[in-house]
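Good morning, and thank you for coming. I would like to take you through a structure that is new to this group, moving from one local feature to the next.

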Amino acid sequence: MGKMNIPFSPPDISGEEIANVVKVLESGWITTGPQTKEFEKELSEYCGTNKTICLNSATACMEMCLRMLGIGAGDEVITSAYTYTASASVIDHVNAKIVLVDNQKDSYHLSYDELERAITPRTKAIIVVDVAGVMCDYDRIFEIIEDKRKLFQANNKMQEQWDRVVVIADAAHSLGARYKGKMCGSVADFTSFSFHAVKNLTTGEGGALTWKSLGRSIDETIYGTINTLSLHGQTKDALAKTQAGAWEYDIITPAYKCNMTDVQAAMGRTQLKRYENILKRRREIVKAYDKGMPKGVTTLQHVTANSDSSSHLYLTRVGGIEEAKRNEIIFKMAQEGVSTNVHYKPLPLFTAYKNLGFKIADFPMAFAQYQNEITLPLYSRLTNEEVEYIACCLCKVLEGKN
């Protein structure tokens with residue numbers, strides 16, 4: 001087998017996406033409008049929820065959710081140390097205290113025992129992370145939340161709707177995953193999806209927030225509040241202002257700007273139509289990888305008794321090595337033409353989080369998980385021959401034959 005050059009995660013864009021984007025560009029309406037609203041409805045239908053709002057990133061979705069809940073200074077929000085910065089930075093953005101918890105041993109998910117210990121009367125929400133598209137143990141999470149309900153102190157009427165800690169899923173990776181038969185989006189209180197360029201479903205940049213219904217009135221309040229927060233605090237969006245004589249509007253808070261455009265939504269709607277085939281192919285690739293992994297390499301299980309993942313990332317751990325050797329393997333794989341990655345460098349290893357007082361010594365399970373992790377390419381246009389080549393390269397590198 002000759003040398004190949006295999007990127008890490010290029011997008012799967014067909015001619016249909018391109019044609020639909022062109023239609024929007026030619027329509028004269030390219031910002032938030034009818035395409036975005038239809039995309040929201042279709043995502044709700046897909047997830048089994050009543051309402052969804054599309055914004056310009058999953059990060060914005062999580063931040064606007066925290067702001068809608070009235071979380072701020074004096075409050076605490078818990079998240080995992082083993083995640084991308086967005087899961088934690090949004091907590092800092094609203095001036096709440098970031099509370100990080102370590103991993104479960106030999107797991108990419110947070111420790112449920114540590115989560116339980118971390119909840120205080122100041123805790124208003126937790127942001128749990130579905131790493132690689134494998135959903136967390138939500139039954140255990142809600143059991144913990146219910147056990148700690150007596151500690152909860154609501155700060156406003158919105159928080160009183162739950163009267164407990166709110167569960168927000170950072171589901172950047174897990175659109176299309178299922179937990180005990182329930183579609184991701186309908187499990188956590190709120191679920192934030194990413195449509196970034198490397199995600200299973202992409203709009204280039206973009207995200208969506210969906211939630212379990214609390215009734216039509218509350219759902220409309222949640223949607224309306226986030227919609228206003230995402231458009232400068234303006235009481236009418238651009239589409240509403242186009243109605244005859246309807247230019248007048250108010251600014252009710254000096255808010256933010258993070259709406260999705262119709263150009264993005266047109267791309268997303270087409271991707272969603274194709275999504276089951278995209279997922280099918282990704283799951284085939286995971287199975288092919290599983291058959292070809294060399295001895296001494298452990299992999300994340302994408303199908304378990306409780307869940308079926310979205311097969312977003314193929315995470316591997318090489319037994320008996322530390323960071324330096326792992327990085328050497330990554331370099332040698334690149335020499336073979338295979339781009340790999342690491343998911344994730346724990347947050348306490350970064351300057352920003354060190355400056356907030358976090359120390360990696362307090363998160364030994366997260367560090368252990370990270371130091372020998374290598375993520376292999378996984379995308380729907382990857383061929384069987386390329387999967388075989390990647391597995392063979394990993395075998396060759398680990399055996400020192402390169």
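Let us begin with Ala132, which is placed in the loop between β4 (123-129) and α6 (138-147). Please keep in mind throughout that what you see is a predicted model. Ala132 has a phi near 65°, a positive value in a residue other than glycine. Is Ala132 buried or exposed? With a relative accessible area of 0%, Ala132 is buried.

A second residue can be described in similar terms. Ser311 lies in the loop between β11 (307-308) and β12, and its phi, near 55°, is again positive in a residue other than glycine. Ser311 is buried as well, at a relative accessible area of 2%.

While we are on the backbone, please look at the loop between α11 (323-335) and α12 (351-355), where Tyr344 is found. The peptide bond joining His343 and Tyr344 is cis, with omega at about 0°.

I turn now to helix α4, which spans residues 86-93. How many of its eight residues are buried? The number is six, and the helix is thus described as mostly covered. The buried residues are Ala86, Ser87, Ala88, Ser89, Val90 and Ile91. As for what covers them, the elements include the helices α3 (58-68) and α12, together with the strands β2 (76-80), β3 (97-101), β4 and β5 (166-170). After α4 comes Asn95, with a positive phi near 70°.

Strand β5 leads us to strand β8. The two run parallel and are joined by three bridges, and within this pairing Ile168 stands opposite Phe190 of β8. Strand β8 also pairs with β9, here in the antiparallel sense and over five bridges. In that second pairing, Thr191 has Thr210 of β9 as its bridge partner.

How many of the five residues of β8 are buried? Five of the five are, and β8 is mostly covered. In a regular strand, side chains alternate between the two faces of the sheet. In β8, Phe190, Ser192 and Ser194 point one way, while Thr191 and Phe193 point the other way; all of them are buried.

This brings us to the aromatic rings. The count of aromatic pairs comes to eight. One of them is formed by Tyr46 and Tyr275, with an edge-to-face arrangement: the centres are 6.0 Å apart and the planes stand at 70°. Why does this pair tie together parts that are 229 residues apart in sequence? It does so because Tyr46 belongs to helix α2 (residues 34-47) and Tyr275 to helix α10 (residues 262-292). Tyr46 is buried, with a relative accessible area of 17%, and Tyr275 is buried too, with a value of 0%.

The next pair is that of Phe190 and Trp211, whose ring centres are 6.0 Å apart; their planes are at 40°, so this pair is tilted. Since Phe190 lies in strand β8 (residues 190-194) and Trp211 in strand β9 (residues 207-211), the pair ties together parts that are 21 residues apart in sequence. Phe190 counts as buried at 0% relative accessibility, and Trp211 is buried at 1%. Which residues make up the aromatic cluster with Phe190 and Trp211? Trp162 joins these two, and the three form one aromatic cluster.

Rings also meet charged side chains in this model. The charged end of Lys124 sits over the ring of Phe152, at 5.7 Å from the ring centre. Likewise, Arg326 lies over the face of Tyr370, at 4.6 Å from the centre of that ring.

I close with a sheet. Strands of a sheet pair through backbone hydrogen bonds, either parallel or antiparallel. The sheet in question is an open one of three strands, in the order β10-β12-β13, and its pairing is antiparallel. Which strands lie at the edges? They are β10 (297-299) and β13 (373-376), each of which pairs on one side only. From one strand to the next, the twist averages 35°. Strand β10 and strand β12 (residues 314-318) are paired over three bridges, in the antiparallel sense, and there Thr299 stands opposite Thr316 of β12.

Thank you for your attention.

Note on methods:
Residues are numbered from 1 along each chain as its sequence is written. This is a predicted model: local features need pLDDT of at least 70, side-chain atom pairs count only at pLDDT 80 or more; totals for chains, interfaces and linings use all residues. Side-chain values use heavy atoms; hydrogens and water are left out. Two strands pair if DSSP finds at least two bridges between them. Helices (H or I, at least four residues) and strands (E, at least two) are DSSP runs, numbered from the N terminus. Axes are lines fitted to C-alpha atoms, for helices over the stretch in contact, and angles run from 0 to 180 degrees between N-to-C directions. Rings of Phe, Tyr and Trp (its six-membered ring) pair if their centres lie within 6.5 Å; planes under 30 degrees apart count as stacked, over 60 as edge-to-face and the rest as tilted. Buried means under 20% relative accessible area, exposed over 50%, partly exposed in between (1.4 Å probe, protein chains only). A charge sits over a ring if NZ of Lys or CZ of Arg is within 6 Å of the ring centre and within 35 degrees of the ring normal. Contact means heavy atoms within 4.5 Å.
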